[in-house]
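Q: I'd like to go through this model with you, starting with how the chains meet and then moving on to some local details. Could you keep the answers in plain sentences?

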Number of protein chains: 2
Amino acid sequence: MTAYKAPLDDLRFALFDVLGAEKTLTGLRDGEAHSRDLLDAVLEEAGRLSEQLLAPTNGPADEEGCHFDKATQTVTTPKGFKEAFKQFAEGGWTGLTNPEAYGGQALPNVLGTATTEIFQSGNLAWSLYPLLSEGATHAMEMHGEEWQRERFMKPIVEGRWTGTMCLTEPQAGSDLGLLKTRAEPGDGNANGHTNYRITGTKIFISAGEHDLTENIVHLVLARLPDAPEGSRGISMFIVPKFKVNEDGSLGARNTVAAGAIEHKMGIHACSTCVINLDGAEGYLIGQPHKGLMAMFTMMNAARLSVGVQGLALAERALQNSLNYARERLQSRSLSGPKFRDKPADNLLVQPDVRRMLLTQRAFVEGSRALLLYTALQTDVEARAADEAARKAAGELVAFLIPIAKGVVTELAQESTKEALQIYGGHGYIAENGMEQFVRDARIITLYEGTTGIQAADLLGRKILQLQGVGFKHFLQEISTFCQQHAADEALRPFIAPLAVATKNWGDLTLKLAARAQANPEELGAAAVDYLYYSGYVALAYMWARSVAAAGAGAQSAAFKQAKHDTAKFYFARILPRCLTHQAAIEAGVDTLPAIV
Amino acid sequence: MTAYKAPLDDLRFALFDVLGAEKTLTGLRDGEAHSRDLLDAVLEEAGRLSEQLLAPTNGPADEEGCHFDKATQTVTTPKGFKEAFKQFAEGGWTGLTNPEAYGGQALPNVLGTATTEIFQSGNLAWSLYPLLSEGATHAMEMHGEEWQRERFMKPIVEGRWTGTMCLTEPQAGSDLGLLKTRAEPGDGNANGHTNYRITGTKIFISAGEHDLTENIVHLVLARLPDAPEGSRGISMFIVPKFKVNEDGSLGARNTVAAGAIEHKMGIHACSTCVINLDGAEGYLIGQPHKGLMAMFTMMNAARLSVGVQGLALAERALQNSLNYARERLQSRSLSGPKFRDKPADNLLVQPDVRRMLLTQRAFVEGSRALLLYTALQTDVEARAADEAARKAAGELVAFLIPIAKGVVTELAQESTKEALQIYGGHGYIAENGMEQFVRDARIITLYEGTTGIQAADLLGRKILQLQGVGFKHFLQEISTFCQQHAADEALRPFIAPLAVATKNWGDLTLKLAARAQANPEELGAAAVDYLYYSGYVALAYMWARSVAAAGAGAQSAAFKQAKHDTAKFYFARILPRCLTHQAAIEAGVDTLPAIV
């Protein structure tokens, strides 16, 4: 059983003090109402909901898991899930960031990201049901036709249905070009819209079948009969579990159904399904053979959310390991007893326990700033008045997403591992709840693109193919920040090493790009270490900004001191990891010879 | 379902080529018969047993788990465990390294360490039942009285009973000084031996109750009535599950029993018990209040074995991830298709996948050499003709055990994590077996002393208190090795960086010792990073020796090339981690300020 309290002070600090979100948001199109007060109220309500409704279900739902009934091909979710989803939908959370025209609240993405953290901390497995819907509605909004949005997206926004992303097949994981599911023209007459018959098997479909809503809208990647081979021959289809009549009422059961649910290391309460399509009726979204573009629309949003999952798990694990370190009495301080009236000192007197706590804090709060920063840029991309600003923000987002997903998820695994370690042997016992965070966190470096895929996206696509446009914006921004604060005494210990690391990042990138042009294998040999290097510099920037913001903020002295302490720790003991990654990057592909 | 094949070639290479074990062992007292041929035959037999009898049970037993019957306070182990234990005992494996006088085979510890790896790879949870016995027999051999050895140790050596170590209590984990279990004088007349009545509650007792043997001998830490407070007031007692008559037959049930078994993250098939003692009859081992010394006898052997657990899990995870990378077809090589007749290339063409495989190889094979090196020193310590050699070996062992336990277990977690990562999403699915390795591996940095405890032991006790006697032997040995191979062309890329890292290790140690004298908190602030630094240099030494051995050995060119490639990888991409740990060590306790 683990505690959870929504970290509202830290969320507010990151949003308003570090990132200046109020100023940015109220300056955007349709953003006049997005004041700090409004956002604050939403955060508080999300906190209440998560603490009361979701957080208590986390352990029990993991133990209960989902149950699949083979005869009816239905999934029963754990106790409390259905009621929680009902309240979540009634509160309007399912449409928080969707357009008002489709029943949404049209609130900023950065707010949605913050509330997603809160809900995912409450119960990650539960939060996957509404999360997958977000990608689906986003894809329909961007690529669908108006009737499709009305018929399939709106009910999801309203929380009456949910959505899925049906990509993976047994032989097609990271390489979607290998997928075999096929779509054949239907009778052409389904409510006046061109329909298709989809046949194939999808695996690893999160929330693919459940009892939370009356219908499920699958977005399915498949090949049309005339499709070119590989990833240029993939189209995307809407395939509802129940067919939908023109008036929006449910029709007959479609021939898409769960064949099994997976037994997994963690997120037991999320139904991860094998989905069989047997001539299921579906509708094309977007252009034929352009399904990957629509998929990436879903995927980018999903990747940011998976980064947030890492943050959410690490935050709750941190809270509990801090509580434990405070309460557990064991041994004495190296410099003599500190709790003389107790049989032993608490764990906080041990420098090594503080090292583990500060590691978690540095990752959690640094990651939060980075994720919210990225999310805020998505709002700028969507709604800035100035086209150049929208374009620049979009480029920045594209550059940051692989870092935010790739690095934050890896650091979250380290973070939850340290949290468990603080518990000693008690961390290994299921009832104490820490091991669930480690198990749950193990999926996040795998799904929505493994760490290797994120690294290849960052280095291969965002840096080399796109010639680092987003990277240049980010470097420029850090450089401006360093100049602005060059004379600030309190920031002196941070600005110089940040400037050095940033310059070095640019130099490394240029050298690596040259080597990759001579031999593309160099890209693969360096990518993951380059991803880490990038992540550590990005977090250093966030920590320097946090120190600057703490200096100017209205928080308590203790709050500000904690930010300063954690930043100091980060720069002294985490940022030097760049040295190792640089050595690995420079070592090149010669150090990774063939294995047969 | 995962495969396992005992890595006999690698074990032989480490034992005979890298470490020259045959020469060392046959030169020891009673070691004339310990030829390579004999050891080889034992390894082969262990491999056969593990592959056929244990390895197939690993997944099913994890799923089945242990079952506790509250009414009878008994534990049922998973299917196949009892039969496997019977065959194991009949084969003489339970007494492999014990003295012949008590029914053992008196074979070298280094051979026991190698076979323990093989059995633990087969099924870690199963192997914990005989493993705990080893510590118990060792403690009785070193500290017990003759009648105790005859009555309680011999049946364990013969595989008729097993043993446990009952240390931890709810309020006393890392800090055994807090333990409350009390021992009161008994009626003084139990078969003519002074007896005691032991009362208290022990937790986390591995193999504390099971159905594999007819009796269980608990070695229990408790306080006598006149005991001083803290760790200087702890005594050790033999407390059998069933009392034992003078003729060795079983008597009445003793009042020591399992109260529950824990639900854990992993090693589900090992019964981890709450053990309640309610005036249970027991016998003092060794001197009153000197129980910690006897405990450390058990603990040191157990710590080395837990290091081996890391190796064992990482070895099997590596084997499976390599198979998967070879067979899984996904995407194309960055430099163009390599498997033109297949729909995609295998994963081995990806440099990043090779990075993950080489990381595992570097850790697994480097750890194996380090663990066997340490085990061989325990044989020298026990049986060298020359007293100075015995003393030096003992000092080296004491120095190396916290490194071998602390670092190997941490690297094993990283290694199993990488193995799972290679599987992508399939690694998260229970049926594929990879996630079990990650779950099982999570205990090894916790039990028998957390990583923090190992680090404190290394830096606080072995370096500072004992003035680094073992460290000096090790530095001297590396230095001699570097000098001997200074002119060796093939070793050139390894000798210089090894010499630099080793010198730096010494310098860092001196500076740190000076700082710790001024402020003991500096010790805790640096300890874990110092542990890692030490481990990476120790593995570098093992890899340099492996390259030297491969140059002289009779193995195939491919085998030798693989050793060379892995060493190159290690020096280029892993050893630079020392840079980061050095920065953290030098950052000092100021970067770990108080947390309240």
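Q: What area is buried between chain A and chain B?
A: Bearing in mind that this is a predicted model, the area buried between chain A and chain B comes to about 7,000 Å², and carbon and sulfur atoms give 59% of that. In chain A, the residues that lose the most area to chain B are A:Y428, A:R573 and A:I595, which together account for 13% of what that side buries.

Q: And how many residues are in contact there?
A: On the chain A side there are 85 residues in contact with chain B, and they meet 86 residues of chain B.

Q: How many salt bridges are there between the two chains?
A: The count between chain A and chain B is four salt bridges. One salt bridge joins the side chains of B:R573 and A:D529, with an N to O distance of 3.1 Å.

Q: What about polar contacts across the interface?
A: The rule finds 53 residue pairs in polar contact across the interface of chain A and chain B, counting pairs in which both residues have pLDDT 80 or more. As for the elements involved, helix α10 of chain A, residues 351-383, gives the most to the side of chain A that touches chain B, with seven residues. By residue class, that side of chain A divides into 40 nonpolar, 22 polar and 23 charged residues.

Q: Switching to chain B, where does helix α13 bend?
A: Helix α13 of chain B, which covers residues 451-465, bends at B:D457 by about 25 degrees. B:D457 is also one of the buried residues of α13(B), a list that includes B:T451, B:L458, B:L459 and B:I463.

Q: What covers those buried residues?
A: The cover comes from both chains: it includes α11 (387-422) of chain A, together with α9, α11, α14, α15 and α16 of chain B. Just after α13(B), B:Q467 takes a positive phi of about 50 degrees.

Q: Chain A has an α13 as well; is A:R461 in that helix buried or partly exposed?
A: A:R461, which lies in helix α13 of chain A, counts as partly exposed because its relative accessibility is 39%, in between the cut-offs of 20% and 50%. Leaving aside neighbours within four places in sequence, the line-up of contacts for A:R461 is given as A:A456 and A:L466. The C-alpha atoms of A:R461 and A:A375 are separated by 20 Å, with the two residues 86 apart along the chain.

Q: Back to chain B, where is B:E410, and what does its side chain make a polar contact with?
A: B:E410 is in helix α11 of chain B, and its side chain makes a polar contact with the side chain of B:Y532 at 3.3 Å. B:E410 counts as buried because its relative accessible area is 7%, under the 20% cut-off. Leaving aside neighbours within four places in sequence, B:E410 is in contact with A:K417 from chain A and with B:T445, B:T451 and B:Y532 from chain B.

Q: One last topic: what is phi for A:A207, and where is that residue?
A: Phi of A:A207 is near 60 degrees, a positive value in a residue other than glycine, and A:A207 sits in the loop between β5 (196-206) and β6 (215-222) of chain A. A:A207 counts as buried, at 0% relative accessibility.

Q: And what about B:A207?
A: For B:A207, phi is near 60 degrees, again a positive value in a residue other than glycine. B:A207 is found in the loop between β5 and β6 of chain B, and B:A207 is buried, with a relative accessible area of 0%.

Methods: Residues numbered from 1 in each chain as written. Chains lettered and ligands numbered in written order. Predicted model: local features only at pLDDT ≥ 70, side-chain atom pairs only at ≥ 80, totals over all residues. Heavy atoms only, no water. Contact = heavy atoms within 4.5 Å. Buried area = accessible area lost by both parts, 1.4 Å probe. Polar contact = N/O pair within 3.5 Å; in protein donor to acceptor, adjacent residues only side chain to side chain. Helix = DSSP H or I, 4+ residues; strand = E, 2+ residues; numbered from the N terminus. Nonpolar A, V, L, I, M, F, W, Y, C, P; charged D, E, K, R; others polar. Bend = angle between axes of the 7 residues up to and from the residue. Buried < 20%, exposed > 50% of the residue type's maximum accessible area, 1.4 Å probe, protein only.
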